[in-house]
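Student: I've got a model open and I'd like to talk through its strands and its cysteines. Can we take a look together?

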Amino acid sequence: QVQLVESGGGLVQPGGSLRLSCAAVGNIHGVSAMSWYRQAPGQLRHLVAGITNGGSTNYADAAKGRFTISRDNEKNTIYLDMKNLKTEDTAVYYCKAEILTNHWSDYWGQGTQVTVSP
């Protein structure tokens with residue numbers, strides 16, 4: 001069994017900061033790319049940021065300059081540091097990871113709510 005356990009969401013005022021965490025736990029033999037997606041009400045789920053196990057990163061335009069994705073390979077954990085948050089960043093944030101058990105598969109976390117409101 002493999003799970004992605006997310007934490008760190010919450011309510012923050014515009015201009016504030018939050019840090020999200022996502023840990024892959026279970027019978028894991030390897031972890032490849034990990035990423036953060038978000039889904040606002042009534043909208044499709046979109047990529048926010050991704051990171052390879054070598055540390056290469058990519059960001060959506062809306063995240064560049066404000067969000068930073070990082071990774072601890074020993075803990076199979078990624079982080080998303082978000083600063084200067086805007087109301088339009090309000091969404092459920094999901095972690096995704098490519099994980100090797102007896103084969104490679106994509107796994108998703110349960111989602112964590114981020115609400116940016118005055």
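Tutor: Sure. A working rule before we start: two cysteine sulfur atoms count as a disulfide if they lie within 2.5 Å. Keep in mind that this is a predicted model.

Student: Which residues form a disulfide here?
Tutor: Searching the whole structure turns up one disulfide. Its sulfur atoms sit 2.0 Å apart, and the cut-off is within 2.5 Å. The pair is C22 and C95.

Student: How many residues apart are C22 and C95 in the chain?
Tutor: C22 belongs to strand 3, while C95 is in strand 9, residues 91–100. The pair therefore links distant parts of the chain. The separation is 73 residues.

Student: Is C22 buried or exposed?
Tutor: Buried means under 20% relative accessible area. C22 has a relative accessible area of 0%, and C95 is also at 0%. So C22 is buried.

Student: Is the link of C22 and C95 left-handed or right-handed?
Tutor: Look at the angle about the S-S bond, which is -75°. That makes the link left-handed.

Student: Which strands stand at the edges of the open sheet?
Tutor: Four strands make up this sheet, paired antiparallel in the order 1-3-8-7. An edge strand here has a single partner strand, so one side of it is left without a neighbour in the sheet. That picks out strand 1 (2–7) and strand 7 (67–72).

Student: Which residue stands opposite L4 in strand 3?
Tutor: Strand 1 and strand 3 (residues 18–26) run antiparallel and are joined by six bridges. In strand 3, the residue opposite L4 is A24.

Conventions
Residues are numbered from 1 along each chain as its sequence is written. This is a predicted model: local features need pLDDT of at least 70, side-chain atom pairs count only at pLDDT 80 or more; totals for chains, interfaces and linings use all residues. Side-chain values use heavy atoms; hydrogens and water are left out. Two strands pair if DSSP finds at least two bridges between them. Helices (H or I, at least four residues) and strands (E, at least two) are DSSP runs, numbered from the N terminus. Buried means under 20% relative accessible area, exposed over 50%, partly exposed in between (1.4 Å probe, protein chains only).
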